[in-house]
Amino acid sequence: MKPVVTALIGKVLNATAAVSPGLAGRGALVLYRHPRSDRAFDDAERRLLAGAFTGSLTVAGKNVVTYCWGDGERPVLLVHGWRSRAAHFAPYIAALRAAGYTPVAFDAPAHGASEGRRTTVLEYREIIARLYEEHGRFEAVVAHSLGGSAAFLALRGAAAADRLVVISGVADFDHVVDVFCAGLGLGPRVKTGLRRRIEIDMFPGEHDLWRRFDVTYRPAEITLPILLVHDEKDRMVAAAQADKTAAAYGGQVRQHRTSGLGHRRILADPGVVRTALEFVSAGERVRD
């Protein structure tokens with residue numbers, strides 16, 4: 001979205017909130033909950049996906065495309081973030097296959113090749129749970145951005161893994177709203193209205209969601225080793241979010257910091273890919 005358009009939308013929503021925070025919240029929600037990007041798959045992505053075993057799941061009435069590269073042994077789940085897709089894990093897929101793992105991934109609803117115009121972290125969790133039923137315990141989960149929140153949520157009983165890598169992850173579920181509001185220059189009255197609409201429209205019946213969807217919620221329920229990778233200059237998700245997650249999980253956590261890669265470029269950085277693969281490979285496989 002162009003800066004001038006962003007500024008105009010922010011001004012309109014802030015002005016509306018002065019009269020009706022609820023109406024402003026509804027308007028903000030329209031933008032907040034629709035992640036679909038118009039960018040088409042490029043040739044490299046098409047070649048990557050053509051080499052996968054492709055499957056599908058139905059979640060909330062939407063067809064979800066899944067991918068698997070390899071013979072099914074030693075599965076590693078890749079979970080993309082908001083406005084992203086499975087193909088953005090291309091460097092990890094190549095490295096994992098070379099190391100003898102089976103990368104497993106999906107395009108969430110409203111992302112990549114999957115259907116829909118919207119999704120939620122609960123739909124992510126359902127997809128992860130279904131892939132866990134299909135592939136068994138994952139040797140590792142590698143997640144980026146909001147995908148990290150979904151991974152933590154799923155690992156509290158819906159799926160199991162030996163190791164977890166989270167790149168540019170969020171600790172506080174409310175931080176996603178903070179980032180969105182900051183990007184549009186929205187004031188506190190709009191944020192209040194937006195939070196209320198998220199509770200009513202996106203998560204009806206979910207009590208205390210702003211705490212339960214935090215990755216730091218009930219940390220004792222997740223006991224696997226965790227690698228947190230974050231850029232010191234990430235302007236979308238502050239590095240303090242990784243510090244907060246590390247404080248909650250204590251000795252389970254190893255942190256790796258970069259500088260100057262930001263929120264998205266960090267995912268494909270060769271050094272980050274190498275660090276993630278070394279961490280994934282460090283654990284001895286234990287089957288239930």
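**Exercise 1: two helices.** In this predicted model, work out how helix 2 and helix 7 pack and which residues meet.

*Solution.* Start by finding the pieces: helix 2 covers residues 21-32 and helix 7 covers residues 174-184. Next, take the geometry: their axes sit 12 Å apart, and the packing angle is about 100°. Angles of 65 to 115 degrees count as roughly perpendicular, so helix 2 is roughly perpendicular to helix 7. Now look at who touches whom. Helix 2 brings Ala28, Leu31 and Tyr32, while helix 7 answers with Val176, Val177, Phe180 and Leu184. Finally, sort that contact by class: you get seven nonpolar residues, no polar ones and no charged ones.

**Exercise 2: the sheet.** Find the strand order of the open sheet and name its edge strands.

*Solution.* Walk across the eight strands and you'll read 1-2-4-3-5-6-7-8, with mixed pairing. At the edges are strand 1 (53-59) and strand 8, each of which pairs on one side only. From one strand to the next, the twist averages 20°. Then check a pair at the strand 1 end: strand 1 and strand 2 (residues 62-68) are antiparallel and share seven bridges. There, Ser56 stands opposite Val65 of strand 2.

**Exercise 3: from strand 7 to strand 8.** Work out the direction of this pair and the hand of the crossover.

*Solution.* First, the pairing: strand 7 (residues 226-231) and strand 8 (residues 253-258) run parallel, joined by six bridges. As a landmark, Ile226 has Val253 in strand 8 as its bridge partner. Then trace the chain: it leaves strand 7, passes through helix 10 (residues 240-249) and arrives at strand 8. This β-α-β crossover is right-handed.

Strand 7 also turns up under another helix. Helix 6 (residues 146-154) lies across strands 3, 5, 6 and 7, at about 145° to strand 5 (140-144).

**Exercise 4: a salt bridge.** Show that Arg85 and Glu45 form a salt bridge, and place both residues in the chain.

*Solution.* Side chains of opposite charge can pair when their charged atoms come close. The cut-off here is 4 Å, and the closest N and O atoms of Arg85 and Glu45 are 2.8 Å apart. Arg85 sits in the loop between strand 3 (75-79) and helix 4 (90-98), whereas Glu45 belongs to helix 3 (residues 43-50). The two are 40 residues apart, so this pair links distant parts of the chain. Over the whole structure, a search finds 16 salt bridges.

Terms used. Residues are numbered from 1 along each chain as its sequence is written. This is a predicted model: local features need pLDDT of at least 70, side-chain atom pairs count only at pLDDT 80 or more; totals for chains, interfaces and linings use all residues. Side-chain values use heavy atoms; hydrogens and water are left out. Axes are lines fitted to C-alpha atoms, for helices over the stretch in contact, and angles run from 0 to 180 degrees between N-to-C directions. Helices (H or I, at least four residues) and strands (E, at least two) are DSSP runs, numbered from the N terminus. Angles under 35 degrees count as roughly parallel, over 145 as roughly antiparallel, 65 to 115 as roughly perpendicular and the rest as oblique. Contact means heavy atoms within 4.5 Å. Ala, Val, Leu, Ile, Met, Phe, Trp, Tyr, Cys and Pro count as nonpolar, Asp, Glu, Lys and Arg as charged, and the others, Gly among them, as polar. Two strands pair if DSSP finds at least two bridges between them. A crossover is right-handed if, with the strands pointing away from the viewer, the path from the first strand over the helix to the second runs clockwise. A salt bridge is a side-chain nitrogen of Lys or Arg within 4 Å of a carboxyl oxygen of Asp or Glu.
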